[in-house]
Amino acid sequence: MGFRMGIVGLPNVGKSTLFNALTRTAAAQAANFPFCTIEPNVGEVAVPDARLQKISAIAGSKAVIPARMTFVDIAGLVRGASKGEGLGNQFLANIREVDAIAHVLRCFEDGDVTHVEGRIDPIADAETIETELMIADLESIERRLKNLERRIRGGDKEAVAQDRLLRLALDALEKGRPARTVTVAAEDRGLWRQLQLLTAKPVLYVCNVEEAAAASGNAQSDRVAEMAAGQGAAHVVISARIEEELAQLPPEEAAMFLEEMGLAEPGLDRLIRAGYDLLGLQTYFTAGPKEARAWTIARGTLAPQAAGVIHGDFERGFIRAETIAYDDYVALGGEAGAREAGKLRVEGKTYEVKDGDVLHFLFNA
(Lines give C-alpha, C1' and ligand atoms only; values in the text may rest on other atoms or scores of the structure.)
Protein backbone atom coordinates (compact mmCIF):
# COMPACT_ATOMS: atom_id res chain seq x y z
CA MET A 1 0.00 0.00 0.00
CA GLY A 2 1.41 3.39 -0.93
CA PHE A 3 0.93 6.18 1.58
CA ARG A 4 2.02 9.65 0.57
CA MET A 5 2.58 12.62 2.83
CA GLY A 6 3.02 16.03 1.24
CA ILE A 7 5.48 18.48 2.82
CA VAL A 8 3.96 21.94 2.39
CA GLY A 9 4.48 25.45 3.70
CA LEU A 10 5.28 28.98 2.68
CA PRO A 11 8.60 29.53 0.87
CA ASN A 12 11.77 29.46 2.98
CA VAL A 13 10.35 27.67 6.02
CA GLY A 14 12.69 24.67 5.64
CA LYS A 15 10.58 22.28 3.55
CA SER A 16 13.34 21.21 1.17
CA THR A 17 15.97 21.03 3.92
CA LEU A 18 13.64 18.71 5.80
CA PHE A 19 12.96 16.64 2.70
CA ASN A 20 16.69 16.29 1.99
CA ALA A 21 17.23 14.97 5.49
CA LEU A 22 14.25 12.63 5.25
CA THR A 23 15.42 11.00 2.06
CA ARG A 24 19.15 11.26 2.76
CA THR A 25 19.60 12.91 -0.62
CA ALA A 26 20.13 16.35 -2.06
CA ALA A 27 17.37 15.78 -4.61
CA ALA A 28 15.41 18.85 -3.54
CA GLN A 29 17.36 22.08 -4.03
CA ALA A 30 17.33 23.97 -0.75
CA ALA A 31 17.89 27.61 -1.75
CA ASN A 32 17.02 30.93 -0.16
CA PHE A 33 14.43 32.14 -2.65
CA PRO A 34 10.77 31.30 -3.31
CA PHE A 35 9.80 28.46 -5.65
CA CYS A 36 13.21 26.76 -5.74
CA THR A 37 11.28 23.50 -5.64
CA ILE A 38 9.44 23.68 -8.94
CA GLU A 39 8.56 20.03 -9.40
CA PRO A 40 7.48 17.91 -6.45
CA ASN A 41 10.33 15.69 -5.29
CA VAL A 42 9.37 12.26 -4.09
CA GLY A 43 11.29 10.08 -1.66
CA GLU A 44 10.60 6.87 0.19
CA VAL A 45 11.76 6.52 3.78
CA ALA A 46 11.84 3.62 6.20
CA VAL A 47 9.39 3.73 9.10
CA PRO A 48 11.55 3.35 12.25
CA ASP A 49 10.48 0.32 14.27
CA ALA A 50 12.85 -1.35 16.74
CA ARG A 51 10.58 -4.42 16.85
CA LEU A 52 11.67 -5.49 13.37
CA GLN A 53 15.31 -5.88 14.39
CA LYS A 54 14.34 -8.05 17.37
CA ILE A 55 12.13 -10.26 15.20
CA SER A 56 14.92 -10.58 12.64
CA ALA A 57 17.45 -11.62 15.28
CA ILE A 58 15.12 -14.29 16.66
CA ALA A 59 14.18 -15.63 13.22
CA GLY A 60 17.77 -15.54 11.96
CA SER A 61 16.66 -13.59 8.91
CA LYS A 62 19.23 -12.80 6.23
CA ALA A 63 17.43 -9.61 5.15
CA VAL A 64 15.51 -6.97 7.07
CA ILE A 65 12.93 -4.96 5.11
CA PRO A 66 11.18 -2.10 6.96
CA ALA A 67 7.84 -0.54 6.11
CA ARG A 68 8.04 2.51 3.86
CA MET A 69 6.34 5.88 3.68
CA THR A 70 6.49 8.26 0.72
CA PHE A 71 7.16 11.96 1.26
CA VAL A 72 6.50 14.55 -1.43
CA ASP A 73 8.26 17.93 -1.29
CA ILE A 74 5.76 20.36 -2.81
CA ALA A 75 6.57 23.84 -4.15
CA GLY A 76 6.02 26.72 -1.71
CA LEU A 77 2.61 28.35 -1.58
CA VAL A 78 1.98 32.09 -1.22
CA ARG A 79 -1.05 34.21 -0.49
CA GLY A 80 -3.32 34.18 -3.55
CA ALA A 81 -2.38 30.64 -4.62
CA SER A 82 -6.06 29.76 -5.04
CA LYS A 83 -6.15 32.50 -7.71
CA GLY A 84 -3.01 31.20 -9.40
CA GLU A 85 -0.42 33.38 -7.63
CA GLY A 86 3.11 31.99 -7.47
CA LEU A 87 2.93 28.32 -8.38
CA GLY A 88 -0.59 28.12 -6.97
CA ASN A 89 -2.30 25.93 -9.54
CA GLN A 90 0.58 23.47 -9.55
CA PHE A 91 0.68 23.43 -5.75
CA LEU A 92 -3.03 22.68 -5.53
CA ALA A 93 -2.81 19.89 -8.11
CA ASN A 94 0.14 18.24 -6.34
CA ILE A 95 -1.47 18.39 -2.92
CA ARG A 96 -4.56 16.56 -4.18
CA GLU A 97 -2.39 13.51 -4.80
CA VAL A 98 -1.21 13.01 -1.19
CA ASP A 99 -2.96 11.26 1.68
CA ALA A 100 -1.97 13.73 4.39
CA ILE A 101 -0.15 17.03 4.84
CA ALA A 102 2.96 17.76 6.88
CA HIS A 103 2.67 21.53 7.25
CA VAL A 104 6.13 22.97 7.99
CA LEU A 105 5.98 26.19 9.99
CA ARG A 106 8.94 28.50 10.50
CA CYS A 107 9.54 28.87 14.22
CA PHE A 108 13.10 30.23 14.02
CA GLU A 109 14.66 33.65 13.59
CA ASP A 110 17.39 34.03 10.95
CA GLY A 111 18.18 37.34 9.31
CA ASP A 112 19.96 35.55 6.46
CA VAL A 113 16.83 33.62 5.44
CA THR A 114 14.09 35.82 4.06
CA HIS A 115 10.41 35.33 4.85
CA VAL A 116 8.02 35.78 1.95
CA GLU A 117 5.77 38.02 4.08
CA GLY A 118 8.53 39.78 6.02
CA ARG A 119 7.73 38.45 9.50
CA ILE A 120 8.00 35.32 11.67
CA ASP A 121 4.51 34.22 12.70
CA PRO A 122 3.80 30.49 12.33
CA ILE A 123 0.13 30.87 13.26
CA ALA A 124 -0.42 33.44 10.51
CA ASP A 125 1.51 31.21 8.10
CA ALA A 126 -0.75 28.27 8.94
CA GLU A 127 -3.82 30.42 8.45
CA THR A 128 -2.53 31.64 5.07
CA ILE A 129 -2.24 28.13 3.67
CA GLU A 130 -5.46 26.93 5.29
CA THR A 131 -7.33 29.91 3.82
CA GLU A 132 -5.97 29.28 0.32
CA LEU A 133 -6.94 25.62 0.51
CA MET A 134 -10.42 26.48 1.79
CA ILE A 135 -10.96 28.99 -1.03
CA ALA A 136 -9.85 26.38 -3.57
CA ASP A 137 -12.25 23.82 -2.05
CA LEU A 138 -15.16 26.28 -2.08
CA GLU A 139 -14.64 27.04 -5.76
CA SER A 140 -14.24 23.35 -6.59
CA ILE A 141 -17.41 22.39 -4.70
CA GLU A 142 -19.48 25.07 -6.41
CA ARG A 143 -18.39 23.80 -9.83
CA ARG A 144 -19.05 20.19 -8.91
CA LEU A 145 -22.51 20.86 -7.53
CA LYS A 146 -23.48 22.56 -10.76
CA ASN A 147 -22.11 19.68 -12.83
CA LEU A 148 -24.06 17.13 -10.76
CA GLU A 149 -27.45 18.70 -11.43
CA ARG A 150 -28.17 16.83 -14.67
CA ARG A 151 -27.07 13.46 -13.23
CA ILE A 152 -29.26 13.99 -10.17
CA ARG A 153 -32.29 14.75 -12.37
CA GLY A 154 -31.57 11.48 -14.16
CA GLY A 155 -31.73 9.54 -10.88
CA ASP A 156 -28.01 8.80 -10.58
CA LYS A 157 -27.63 7.50 -7.00
CA GLU A 158 -23.88 8.17 -6.81
CA ALA A 159 -24.46 11.76 -7.94
CA VAL A 160 -27.06 12.17 -5.18
CA ALA A 161 -24.58 10.86 -2.61
CA GLN A 162 -21.81 13.14 -3.91
CA ASP A 163 -24.15 16.11 -3.76
CA ARG A 164 -25.03 15.34 -0.15
CA LEU A 165 -21.38 15.04 0.92
CA LEU A 166 -20.29 18.11 -1.00
CA ARG A 167 -23.01 20.15 0.71
CA LEU A 168 -21.79 18.94 4.12
CA ALA A 169 -18.30 20.17 3.21
CA LEU A 170 -19.68 23.41 1.81
CA ASP A 171 -21.54 24.13 5.04
CA ALA A 172 -18.35 23.65 7.08
CA LEU A 173 -16.25 25.79 4.75
CA GLU A 174 -18.78 28.61 4.73
CA LYS A 175 -18.52 28.63 8.52
CA GLY A 176 -14.74 28.93 8.29
CA ARG A 177 -13.99 25.30 9.11
CA PRO A 178 -11.96 22.89 6.94
CA ALA A 179 -13.65 19.84 5.46
CA ARG A 180 -11.75 17.51 7.81
CA THR A 181 -14.00 18.74 10.64
CA VAL A 182 -17.03 17.12 8.95
CA THR A 183 -18.23 13.89 10.56
CA VAL A 184 -18.67 11.31 7.80
CA ALA A 185 -20.58 8.04 8.26
CA ALA A 186 -18.55 4.84 7.81
CA GLU A 187 -20.45 3.87 4.67
CA ASP A 188 -19.64 7.25 3.08
CA ARG A 189 -15.91 7.31 3.76
CA GLY A 190 -14.85 5.76 0.48
CA LEU A 191 -16.83 8.28 -1.58
CA TRP A 192 -15.67 11.10 0.71
CA ARG A 193 -12.02 10.26 -0.04
CA GLN A 194 -12.78 10.19 -3.77
CA LEU A 195 -13.88 13.83 -3.56
CA GLN A 196 -10.21 14.73 -2.92
CA LEU A 197 -11.03 17.89 -1.02
CA LEU A 198 -7.84 19.67 -0.04
CA THR A 199 -9.00 20.59 3.47
CA ALA A 200 -10.29 17.07 4.14
CA LYS A 201 -6.72 15.76 4.37
CA PRO A 202 -5.33 15.25 7.88
CA VAL A 203 -2.65 17.75 8.90
CA LEU A 204 0.50 17.37 10.98
CA TYR A 205 2.14 20.65 12.00
CA VAL A 206 5.94 20.51 11.88
CA CYS A 207 7.61 23.25 13.96
CA ASN A 208 11.01 23.98 12.43
CA VAL A 209 13.05 25.52 15.25
CA GLU A 210 16.64 26.69 15.67
CA GLU A 211 19.21 24.12 16.81
CA ALA A 212 19.21 25.30 20.45
CA ALA A 213 15.46 24.68 20.71
CA ALA A 214 15.42 21.22 19.12
CA ALA A 215 14.98 19.39 22.43
CA SER A 216 12.39 21.58 24.15
CA GLY A 217 10.95 23.89 21.49
CA ASN A 218 10.55 27.64 21.83
CA ALA A 219 7.85 30.27 22.28
CA GLN A 220 6.75 30.02 18.65
CA SER A 221 6.46 26.23 18.69
CA ASP A 222 4.50 26.51 21.94
CA ARG A 223 1.98 28.69 20.09
CA VAL A 224 1.70 26.06 17.36
CA ALA A 225 1.20 23.33 19.96
CA GLU A 226 -1.68 25.29 21.44
CA MET A 227 -3.22 25.82 18.01
CA ALA A 228 -2.87 22.13 17.12
CA ALA A 229 -4.45 21.06 20.41
CA GLY A 230 -7.41 23.34 19.73
CA GLN A 231 -7.88 21.68 16.34
CA GLY A 232 -7.40 18.15 17.61
CA ALA A 233 -4.34 17.99 15.33
CA ALA A 234 -0.82 16.68 15.93
CA HIS A 235 2.47 18.56 15.95
CA VAL A 236 6.17 17.76 16.21
CA VAL A 237 9.15 19.99 17.01
CA ILE A 238 12.17 19.50 14.81
CA SER A 239 15.30 21.34 13.69
CA ALA A 240 15.70 20.75 9.97
CA ARG A 241 19.31 21.98 10.20
CA ILE A 242 20.17 19.33 12.80
CA GLU A 243 18.44 16.62 10.81
CA GLU A 244 20.34 17.64 7.69
CA GLU A 245 23.64 17.35 9.58
CA LEU A 246 22.64 14.00 11.07
CA ALA A 247 21.78 12.65 7.63
CA GLN A 248 25.38 13.12 6.53
CA LEU A 249 27.02 11.40 9.53
CA PRO A 250 27.87 7.71 10.03
CA PRO A 251 25.61 6.02 12.64
CA GLU A 252 28.19 6.15 15.45
CA GLU A 253 28.91 9.86 14.95
CA ALA A 254 25.21 10.61 14.58
CA ALA A 255 24.52 8.95 17.95
CA MET A 256 27.23 11.05 19.60
CA PHE A 257 25.90 14.21 17.97
CA LEU A 258 22.38 13.47 19.24
CA GLU A 259 23.70 12.96 22.75
CA GLU A 260 25.58 16.26 22.60
CA MET A 261 22.40 18.03 21.51
CA GLY A 262 20.40 16.43 24.35
CA LEU A 263 18.17 14.49 21.96
CA ALA A 264 17.03 10.92 22.60
CA GLU A 265 16.40 10.19 18.92
CA PRO A 266 16.37 11.96 15.55
CA GLY A 267 13.45 14.30 15.10
CA LEU A 268 12.80 12.61 11.78
CA ASP A 269 11.94 9.37 13.57
CA ARG A 270 9.27 11.23 15.54
CA LEU A 271 8.05 12.94 12.37
CA ILE A 272 7.68 9.66 10.48
CA ARG A 273 5.91 7.96 13.39
CA ALA A 274 3.60 10.96 13.79
CA GLY A 275 2.77 10.76 10.08
CA TYR A 276 2.13 7.04 10.42
CA ASP A 277 -0.23 7.66 13.33
CA LEU A 278 -1.91 10.58 11.54
CA LEU A 279 -2.84 8.29 8.65
CA GLY A 280 -4.23 5.65 11.00
CA LEU A 281 -1.61 3.09 10.01
CA GLN A 282 -0.15 0.14 11.82
CA THR A 283 2.40 -2.60 11.17
CA TYR A 284 2.38 -6.36 11.04
CA PHE A 285 5.40 -8.58 10.44
CA THR A 286 6.40 -11.66 8.52
CA ALA A 287 9.57 -13.49 9.51
CA GLY A 288 11.68 -16.41 8.36
CA PRO A 289 15.26 -17.39 7.49
CA LYS A 290 15.11 -15.48 4.20
CA GLU A 291 13.77 -12.15 5.50
CA ALA A 292 11.98 -10.31 8.28
CA ARG A 293 9.64 -7.69 6.90
CA ALA A 294 7.28 -5.00 8.16
CA TRP A 295 4.04 -4.42 6.27
CA THR A 296 1.86 -1.32 6.46
CA ILE A 297 -1.92 -1.58 6.81
CA ALA A 298 -4.69 0.68 8.03
CA ARG A 299 -6.04 0.08 11.52
CA GLY A 300 -9.03 -2.23 11.39
CA THR A 301 -7.80 -4.22 8.37
CA LEU A 302 -9.03 -7.81 8.27
CA ALA A 303 -6.67 -10.74 7.72
CA PRO A 304 -7.48 -11.40 4.01
CA GLN A 305 -6.91 -7.74 3.12
CA ALA A 306 -3.70 -7.69 5.17
CA ALA A 307 -2.54 -10.73 3.20
CA GLY A 308 -3.41 -8.90 -0.02
CA VAL A 309 -0.79 -6.26 0.79
CA ILE A 310 1.82 -8.96 0.13
CA HIS A 311 0.16 -10.30 -3.01
CA GLY A 312 -3.34 -10.28 -4.47
CA ASP A 313 -3.31 -14.09 -4.67
CA PHE A 314 -2.92 -14.23 -0.88
CA GLU A 315 -6.16 -12.33 -0.45
CA ARG A 316 -8.12 -14.16 -3.16
CA GLY A 317 -7.09 -17.61 -1.93
CA PHE A 318 -6.96 -16.80 1.80
CA ILE A 319 -7.54 -19.80 4.07
CA ARG A 320 -6.25 -18.71 7.48
CA ALA A 321 -3.54 -16.74 9.27
CA GLU A 322 -1.22 -18.22 11.87
CA THR A 323 -0.82 -15.36 14.32
CA ILE A 324 1.59 -14.59 17.15
CA ALA A 325 1.49 -11.35 19.15
CA TYR A 326 4.82 -9.50 19.09
CA ASP A 327 5.36 -9.72 22.86
CA ASP A 328 4.76 -13.48 22.79
CA TYR A 329 7.06 -13.92 19.79
CA VAL A 330 9.91 -12.18 21.62
CA ALA A 331 9.29 -13.69 25.05
CA LEU A 332 9.03 -17.24 23.72
CA GLY A 333 11.92 -17.06 21.27
CA GLY A 334 10.02 -17.17 18.03
CA GLU A 335 7.49 -19.34 16.23
CA ALA A 336 8.49 -22.70 17.67
CA GLY A 337 8.37 -21.48 21.26
CA ALA A 338 5.07 -19.71 20.71
CA ARG A 339 3.53 -22.81 19.14
CA GLU A 340 4.71 -25.00 22.01
CA ALA A 341 3.31 -22.55 24.59
CA GLY A 342 -0.04 -22.37 22.83
CA LYS A 343 0.46 -18.73 21.87
CA LEU A 344 0.25 -19.31 18.11
CA ARG A 345 -3.37 -18.73 17.12
CA VAL A 346 -5.21 -19.71 13.96
CA GLU A 347 -7.36 -16.83 12.74
CA GLY A 348 -9.90 -16.69 9.91
CA LYS A 349 -11.36 -14.16 7.49
CA THR A 350 -13.00 -11.99 10.16
CA TYR A 351 -9.84 -11.49 12.22
CA GLU A 352 -8.84 -7.85 12.63
CA VAL A 353 -5.05 -7.71 12.46
CA LYS A 354 -3.40 -6.06 15.47
CA ASP A 355 -0.37 -3.81 15.47
CA GLY A 356 2.75 -5.95 15.95
CA ASP A 357 1.20 -9.27 14.91
CA VAL A 358 3.69 -11.73 13.41
CA LEU A 359 1.73 -13.51 10.69
CA HIS A 360 2.03 -16.50 8.37
CA PHE A 361 -0.68 -16.78 5.74
CA LEU A 362 -2.04 -19.99 4.25
CA PHE A 363 -3.84 -19.67 0.93
CA ASN A 364 -4.96 -21.58 -2.17
CA ALA A 365 -2.91 -20.70 -5.22
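**Exercise 1. Find which residues line the largest cavity, and sort them by class and by element.**

Solution. The model is predicted, so local features need pLDDT of at least 70 and side-chain atom pairs count only at pLDDT 80 or more, while totals for chains, interfaces and linings use all residues. Residues are numbered from 1 along each chain as its sequence is written, and side-chain values use heavy atoms, with hydrogens and water left out.

Step 1. Fix the term: on a 1 Å grid over the protein atoms alone, a cavity is a set of points where a 1.4 Å probe fits but cannot get out, and lining residues have an atom within 4 Å of a point. A volume is the space filled by probe spheres set on the points, which are joined across faces, edges and corners.

Step 2. Count the cavities: there are two of 30 Å³ or more. The largest cavity has a volume of about 60 Å³.

Step 3. Read off the lining: Ile101, His103, Ala126, Ile129, Glu130, Leu133, Arg180, Val203 and Tyr205.

Step 4. Sort by class (Ala, Val, Leu, Ile, Met, Phe, Trp, Tyr, Cys and Pro are nonpolar; Asp, Glu, Lys and Arg are charged; the others, Gly among them, are polar). The result is six nonpolar, one polar and two charged residues.

Step 5. Sort by element, where helices (H or I, at least four residues) and strands (E, at least two) are DSSP runs numbered from the N terminus. Strand 5 (100-106), helix 4 and strand 6 (203-208) each give at least two residues. The largest share, four residues, is from helix 4.

**Exercise 2. Describe the salt bridge between Arg180 and Glu130.**

Solution. Step 1. A salt bridge is a side-chain nitrogen of Lys or Arg within 4 Å of a carboxyl oxygen of Asp or Glu. In this pair the closest N and O atoms are 2.6 Å apart.

Step 2. Place the partners: Arg180 is in the loop between helix 5 (157-174) and helix 6 (189-194), and Glu130 is in helix 4 (residues 122-153). The bridge thus links distant parts of the chain, 50 residues apart.

Step 3. Check accessibility (buried is under 20% relative accessible area, exposed over 50%, partly exposed in between; 1.4 Å probe, protein chains only). Arg180 has 25% and so counts as partly exposed. Glu130 has 15% and so counts as buried.

Step 4. Both residues also belong to the lining of the largest cavity.

**Exercise 3. State how many salt bridges the whole structure has, and describe further examples.**

Solution. Step 1. The search finds 15 salt bridges.

Step 2. Glu265 and Arg273 form one, at 2.6 Å from N to O. Glu265 is partly exposed at 23%, and Arg273 is partly exposed at 32%.

Step 3. Arg345 and Glu347 form another, at 2.9 Å. Arg345 is partly exposed at 29%, whereas Glu347, at 18%, is buried.

Step 4. Asp49, Arg51 and Asp355 are joined in a salt-bridge network. The charged end of Arg51 also sits over the ring of Tyr326, 5.9 Å from its centre (the rule asks for NZ of Lys or CZ of Arg within 6 Å of the ring centre and within 35 degrees of the ring normal).

**Exercise 4. Classify the ring pair of Tyr284 and Phe361.**

Solution. Step 1. Rings of Phe, Tyr and Trp (its six-membered ring) pair if their centres lie within 6.5 Å; planes under 30 degrees apart are stacked, over 60 edge-to-face and the rest tilted. The count is three aromatic pairs.

Step 2. The centres of the Tyr284 and Phe361 rings are 5.9 Å apart and the planes are at 85 degrees, so the pair is edge-to-face.

Step 3. Tyr284 lies in strand 8 (residues 281-287) and Phe361 in strand 12 (residues 358-363), so the pair ties together parts 77 residues apart in sequence.

Step 4. Tyr284 and Phe361 are buried. Ring pairs link Tyr284, Phe318 and Phe361 into a cluster.

**Exercise 5. Describe the largest pocket.**

Solution. Step 1. A pocket is an open set of grid points with protein on both sides within 12 Å along at least five of seven lines. The largest one has a volume of about 920 Å³.

Step 2. It has 24 lining residues, and the closest to its centre are Trp192, Arg193, Ala200, Lys201 and Pro202.

Step 3. By class, the lining has 13 nonpolar, four polar and seven charged residues. Helix 6 gives the largest share, three residues.
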